[in-house]
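Please open the model in your viewer and keep the selection panel at hand. The tour goes from the ligand outward to the sheet.

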Amino acid sequence: MILDFSLEEMTRFLVDKVGLKAFKARMVFEWIYQKAILDYDQMTSLHQSERDLLKEKAPFPTWTITEHPTKDSNKLTAITEDGSCIELVILKSKAAPTLCVSSQVGCALKCAFCETGILGAARNLTTSEIIYQVLLAEKKTGGIGNIVLMGMGEPLLNLDNVLKAISILHEPSGLNISPRRITLSTAGIVPGIETLLAANLGINLAISLNAPTDELRETLMPINKTYPIASLIRAAKSYQEKSGRRVTVEYVLLREINDTPQIIRSLIALLRRTGFHVNLIPYNPTSGDYKRPTLERINWVQGQLEASHINATIRQSKGIDVSGACGMLSSVIK
Ligand code: SAH
C-alpha cells in the first residue's frame, strides 16, 4: 500500500516498481502529505500515463465512510476493504482540531466499562490504515492540531505499525507532525511502554489507570493481572523521567465504584509526588452496567487531587450523542 512508505521507501518503490523518475516519486509524496490529495487524477504534475500506472500498482485505500457530525465533534465510521469497521473522531476546539485515531479493529483487553472490547478479538491496523485516518482528517479539517491514539484498540499491542506511522507523520517533507503533538494511550502494557521509551520518539504517554488498587483494577481491567499497578507506575515514572514528557493518568469516573472517599484517598497516595497529570473522564454510557458520578462528586474528586498538589482536569465528553466519546467506539457496524 502506498501509505505504508516513508519518503525514501516510496521513492524506491515508485522508481523500481512503477518506473517513475525519482523527482516524480517525491512529487507523489508531497501531493499526499503536503496537500492531502488522495486521488492520482488530481495530481496535475503527473502525466496521464503515470497516473494510470500508479492507480494500478499503488492504489489508495478504498473505504466506505459515513460521517456522524455533532456541534463539537465529527465521528467517521469507515468500512475497510476486508469489511472491518474502524472509527476515528475529530474533536473540535478553539485551536486546531484534535484527531482521535484507532490502532486496532476491536480490542482484546475487555475492560469492563469500554464498548470496544465487547466483540473481543482484534485485528491490528496496518501502518497505511493508521496514516489514512490522519490524511482523511487533514483533508476534512484543513489541518489537525494534536493526534491522540485513543480510539479503538490497544496501540502498544500493535507497536510496530504504530511506530512506523508516527515516523512517517514526522517526515519533514510530509506532514511534519512533531512527536510532541502526538499522545499514545495504553491500558498498561508494561513491556510496550519500555519499547516505546527505547524508541525515543518524544511522543506523550497516557496511561489508563482507572483504579488505584490491584484488587479493584483487576475487576475493571483484566490486563492488571498480567501487569499490576506497581509495575505500570514504575514504567510510567521511568518514561516521564527519561523522555522529559509529563505522563497523563486517565481515570474514568464510575459512580460508587472508583469515586468513593476511600478509593480517592488511595489514588492520592499512589500519585502524590509523581508529577503525573490526571485526566478525569466521567463515564460515558456503554452497554455496561455503570453510572457516571454526579457533577458534584466529579468536582469533589478534582478538588481532592488538587488539594494534594496533583494536577487534575476533567475531560469534556465530546461526541457522546453519536457514540463517539471515550469508550464508546465499537466495531459493530451500525
Ligand atoms: N487501549 C488504550 C487506548 C484507548 S484510550 C487505553 O486503554 O488507554 C480510551 C480511553 O477511554 C481510555 O483511557 C479508557 O479508560 C477510556 N474509556 C473507556 N471506556 C470509557 C467509558 N465508557 N467512558 C469514559 N471513558 C472510557
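Begin by selecting the ligand together with S208, where a polar side-chain atom of S208 lies 2.6 Å from an oxygen atom of the ligand. Bear in mind throughout that this is a predicted model, and that the distances here are therefore to be read as computed from that model.

Keep the ligand selected and add T186, whose backbone offers a polar atom 3.4 Å from an oxygen atom of the ligand. Then add E154, in whose side chain an N or O atom is 3.1 Å from a nitrogen atom of the ligand. If you now show the surface, you can ask how much of the ligand's accessible area the protein covers: of the 540 Å² that the ligand has on its own, the protein covers 95%.

Next, select the shell around the ligand by element, and colour β8 (182-186), β10 (248-253) and β11 (277-282), which are the elements that give two or more residues to this shell. The shell has 21 residues, of which F113, S185, S208, N284 and G327 come nearest to the ligand. Coloured by residue class, the shell divides into 10 nonpolar, nine polar and two charged residues.

Now hide the side chains and look at the strands as a cartoon, where an open sheet of 10 strands runs in the order β1-β2-β3-β4-β7-β8-β9-β10-β11-β12, with mixed pairing. Follow the sheet to its edge strands, β1 (64-69) and β12 (312-314), each of which pairs on one side only. Viewed from strand to strand, neighbours in this sheet are turned by 20° against each other on average, with direction ignored.

Within the sheet, select β4 (residues 98-100) and β7 (residues 147-149), which pair in the parallel sense over two bridges; L99 stands opposite I147 in β7.

Finish with helix α10 (residues 295-307), which packs on the sheet and touches β10, β11 and β12. If you draw the directions of α10 and β12, you will find about 165° between them.

How values were computed:
Residues are numbered from 1 along each chain as its sequence is written. This is a predicted model: local features need pLDDT of at least 70, side-chain atom pairs count only at pLDDT 80 or more; totals for chains, interfaces and linings use all residues. Side-chain values use heavy atoms; hydrogens and water are left out. A residue is near a molecule or strand if one of its heavy atoms lies within 4 Å of it. A polar contact is a pair of N or O atoms within 3.5 Å; within protein, one must be able to donate a hydrogen and the other to accept it, and residues adjacent in sequence count only if both atoms are side-chain atoms. Accessible areas come from the Shrake-Rupley method with a 1.4 Å probe; for residues, only the protein chains shown count as cover. Helices (H or I, at least four residues) and strands (E, at least two) are DSSP runs, numbered from the N terminus. Ala, Val, Leu, Ile, Met, Phe, Trp, Tyr, Cys and Pro count as nonpolar, Asp, Glu, Lys and Arg as charged, and the others, Gly among them, as polar. Two strands pair if DSSP finds at least two bridges between them. Axes are lines fitted to C-alpha atoms, for helices over the stretch in contact, and angles run from 0 to 180 degrees between N-to-C directions. Contact means heavy atoms within 4.5 Å.
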